[in-house]
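Here is a briefing on one protein chain. Topics run from the overall fold down to single residues.

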Amino acid sequence: MLMRTDPFREIDRLAEQFFGTAARPATMQLDAYRDGDHFYAAFDLPGVDPDTIDCTVERNVLTVRAERHRPAGDGVELVAAERPMGTFTRQLFLGDTLDTDKLEAGYENGVLTLRIPVAERAKPRRVTIQANGTGRREINA
């Protein structure tokens with residue numbers, strides 16, 4: 001059997017683990033969208049124990065932190081290690097138009113989904129126009 005040695009293989013592996021690659025980034029993957037009166041953010045966190053997920057909001061900054069650990073034990077022998085492990089953190093800057101006090105979070109099938117309602121003040125509203133008899137119109141909002 002012929003084996004080639006690459007002295008930089010371990011350095012490349014560590015760099016990919018820290019910085020990620022195009023096919024496997026080191027950050028949490030995210031989809032964000034608005035559906036009606038709610039804003040949704042869905043984070044891919046497969047294999048993460050829900051007890052290690054921490055979600056906080058301070059002012060308008062949403063921070064999601066999660067951990068994924070390798071199997072440990074006396075009889076565990078690591079054969080391949082391609083999935084990123086460790087602590088993952090992602091921050092989103094939320095606009096003033098979202099009501100972060102009513103944020104809801106759920107974790108199902110490896111996806112953390114956050115549901116944030118749009119604030120009442122940011123929803124479209126109809127403006128009434130009244131004529132005061134002088135031909136001028138006053139707008140009351």
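**Fold briefing**

This is a predicted model. The protein chain holds 1 helix and 9 strands. Along the sequence the pattern reads α-β-β-β-β-β-β-β-β-β.

**Overall make-up**

- The protein chain has 141 residues, and buried residues make up 23% of them.
- The exposed surface of the protein chain is about 11,200 Å². Carbon and sulfur atoms supply 49% of that area.
- Take the contacts between residues at least 6 apart in sequence: 46% of them join residues at least 24 apart.

**Sheet β1-β2-β7-β6**

- One open sheet has 4 strands in the order β1-β2-β7-β6. Its pairing is antiparallel.
- β1 (29–35) and β6 are the edge strands, and each pairs on one side only.
- From one strand to the next, the twist in this sheet averages 15°.
- β1 and β2 run antiparallel and are joined by 7 bridges. R34 has F39 in β2 as its bridge partner.
- G36 sits in the loop between β1 and β2. G36 counts as partly exposed, at 47% relative accessibility.
- G36 and V118 are 82 residues apart along the chain, yet their C-alpha atoms are separated by 8.7 Å.

**Sheet β3-β4-β5**

- An open sheet of 3 strands follows the order β3-β4-β5, again with antiparallel pairing.
- Why is one side of β3 and of β5 (86–93) left without a neighbour in the sheet? Both strands stand at the edges, each with a single partner strand, so one side of each has no neighbour there.
- The twist here averages 15° from one strand to the next.
- β4 and β5 pair in the antiparallel sense over 8 bridges. R65 stands opposite T89 in β5.

**Nonpolar core**

- The largest nonpolar core has 17 residues. F43, L45, V64, L112 and L114 have the most contacts inside it.
- The elements giving two or more residues to this core are β2 (38–44), β4, β5 and β7.
- In soluble globular proteins, nonpolar side chains tend to be buried together.
- What does L112 touch, leaving aside neighbours within four places in sequence? L112 is in contact with A41, A42, F43, L45, I53, V64, A105, G106 and Y107.

**G106 in β6**

- G106 is placed in strand β6. With a relative accessible area of 33%, G106 is partly exposed.
- Not counting residues up to four places away in sequence, G106 touches V111, L112 and T113.
- The C-alpha atoms of G106 and A42 are separated by 9.5 Å. These two residues are 64 apart along the chain.

**E67 and its polar contacts**

- E67 lies in strand β4.
- Which side chains make polar contacts with the side chain of E67? The side chain of R65 does so at 3.0 Å, and the side chain of H69 does so at 3.1 Å.
- Beyond its neighbours within four places in sequence, E67 is in contact with V48, D49, T52, G86 and T87.

**Positive phi in two loops**

- Most residues other than glycine have a negative phi.
- R59 has a positive phi near 55°, and R59 is not a glycine. R59 is placed in the loop between β3 (54–58) and β4 (61–68).
- Is R59 buried or exposed? R59 is exposed because its relative accessible area is 79%, and the cut-off for exposed is over 50%.
- N109 also has a positive phi, about 55°, although N109 is not a glycine. N109 is placed in the loop between β6 (104–108) and β7 (111–117).
- N109 is exposed, with a relative accessible area of 74%.

Note on methods. Residues numbered from 1 in each chain as written. Predicted model: local features only at pLDDT ≥ 70, side-chain atom pairs only at ≥ 80, totals over all residues. Heavy atoms only, no water. Buried < 20%, exposed > 50% of the residue type's maximum accessible area, 1.4 Å probe, protein only. Polar contact = N/O pair within 3.5 Å; in protein donor to acceptor, adjacent residues only side chain to side chain. Contact = heavy atoms within 4.5 Å. Pairing = 2+ DSSP bridges. Axes fitted to C-alpha atoms, helices over the stretch in contact; angles between N-to-C directions. Core = buried A, V, L, I, M, F, W, Y, C linked by side-chain atoms within 4.5 Å. Areas by Shrake-Rupley, 256 points an atom, 1.4 Å probe, with all protein chains shown as cover.
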